[in-house]
Amino acid sequence: MLNKKIEKALNDQIKVEAESSQAYLAMASWAERAGLSGTAAFLYKHSDEERQHMLKLVKFVNDRGGQAVIPELKQPAKDYKTLQNVFALLLEHETNVTNEINSVVDVCLKEKDYTTHNFMQWYVSEQIEEETLARNILDKLKLVGNDNGAMYMFDRDLLAVAAAPESEK
Ligand code: FEO
C-alpha cells in the first residue's frame with residue numbers, strides 16, 4: 001500500500017510527464033508546419049514516449065493500492081522563434097524533469113519505500129539518456145546555424161533517429 005506522501009509525489013510526477021508529452025506535441029506540430037518533417041517525426045515520437053512514462057506511473061500507483069489522478073494540463077506555446085529555441089526549451093524542460101524525479105526519489109528514501117525507490121530508478125536512467133540526447137541535438141543545431149543545406153541534413157538525421165529502434169539510440 002502506498003503512503004499518502006508517496007502517492008502525492010507520484011501523482012505530481014504523472015502531471016509532469018503528461019505536460020512533457022503535451023509540450024513535445026506542440027513542438028512537433030510547429031515543426032510539421034515549418035516543413036521539418038524529420039524533426040516533427042522525432043518530436044511526435046518523443047511525445048508518445050512521455051505519454052508512456054505517464055502511463056507507467058498511473059499503473060504503478062493503481063497497482064499499489066493508491067489512486068492515480070489524471071491531471072488537467074496547461075496549453076503549451078503555439079509558436080517558437082527558431083528550431084534552436086525549441087531544443088533549448090526541450091533541454092531546459094528535461095533538466096526540470098530530472099529535478100522532479102530526484103524529488104520523488106528523495107521522498108521514497110525519507111519514507112523508506114524501497115519498492116517505489118526501485119521503480120523510480122528506471123526514470124533516473126531515462127533522464128540521463130534524454131538530457132544527453134537533447135544536448136547532442138542542440139550542439140548539432142549550433143553547427144547548422146543558418147545553413148539551409150545543413151538544416152536539410154539535420155532534419156533527415158532526426159527522421160532516422162525517430163525511425164530507429166530504442167536500442168540503437
Ligand atoms: Fe519522461 Fe522526458 O521525461
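Which helix gives the most to the lining of the largest cavity? Keep that one in mind while we look around this predicted model.

## The overall build

Let's start with the whole chain. There are 5 helices and 0 strands here, so the pattern along the sequence simply reads α-α-α-α-α.

How big is the fold? Its C-alpha trace spans about 55 × 30 × 25 Å along the principal axes. The radius of gyration is 17 Å, and that agrees with the value near 15 Å for a compact globule of 169 residues. Of those 169 residues, 44% count as buried. Contacts reach a long way along the sequence, too: take those with a separation of 6 or more, and 79% of them join residues 24 or more positions apart. On the outside, the chain exposes about 9,600 Å², with carbon and sulfur atoms supplying 53% of that area.

## The closed space inside

Rolling a probe the size of a water molecule over the atoms shows where empty space is left. Searching the whole structure this way turns up 1 cavity of 30 Å³ or more, and it holds about 40 Å³ of space.

Now back to the opening question: α4 gives the most to this cavity's lining, with 4 residues. Helices α2, α3 and α4 (114-144) each supply at least two. The lining is made up of Phe42, His46, Phe87, Leu90, Glu130, Leu133, Ala134 and Ile137. Sorted by class, that gives 6 nonpolar, 1 polar and 1 charged.

## The open pocket

The largest pocket offers about 370 Å³ of space. It has 17 lining residues, and the ones nearest its centre are Glu19, Ala23, Lys74, Pro76 and His93. By class, the lining splits into 9 nonpolar, 4 polar and 4 charged residues.

Which helix gives the most here? This time it's α3, with 7 residues. Both α1 (4-33) and α3 (83-110) supply at least two residues each to the pocket lining.

## A closer look at Thr39

Find threonine 39 in helix α2, which covers residues 37-63. Is threonine 39 buried or exposed? Its relative accessibility is 0%, so threonine 39 counts as buried; the cut-off for buried is under 20%.

What is threonine 39 in contact with, once you leave aside its neighbours within four places in sequence? The list is Ala31, Leu83, Phe87, Phe154, Asp155 and Leu158. You've met one of these already: Phe87 is also part of the lining of the largest cavity.

Methods: Residues are numbered from 1 along each chain as its sequence is written. This is a predicted model: local features need pLDDT of at least 70, side-chain atom pairs count only at pLDDT 80 or more; totals for chains, interfaces and linings use all residues. Side-chain values use heavy atoms; hydrogens and water are left out. On a 1 Å grid over the protein atoms alone, a cavity is a set of points where a 1.4 Å probe fits but cannot get out, and a pocket is an open set with protein on both sides within 12 Å along at least five of seven lines; lining residues have an atom within 4 Å of a point. Grid points are joined across faces, edges and corners, and a volume is the space filled by probe spheres set on the points. Ala, Val, Leu, Ile, Met, Phe, Trp, Tyr, Cys and Pro count as nonpolar, Asp, Glu, Lys and Arg as charged, and the others, Gly among them, as polar. Buried means under 20% relative accessible area, exposed over 50%, partly exposed in between (1.4 Å probe, protein chains only). Contact means heavy atoms within 4.5 Å. The radius of gyration is taken over C-alpha atoms; the globule rule is 2.2 Å times the number of residues to the power 0.38. Accessible areas come from the Shrake-Rupley method with a 1.4 Å probe; for residues, only the protein chains shown count as cover.
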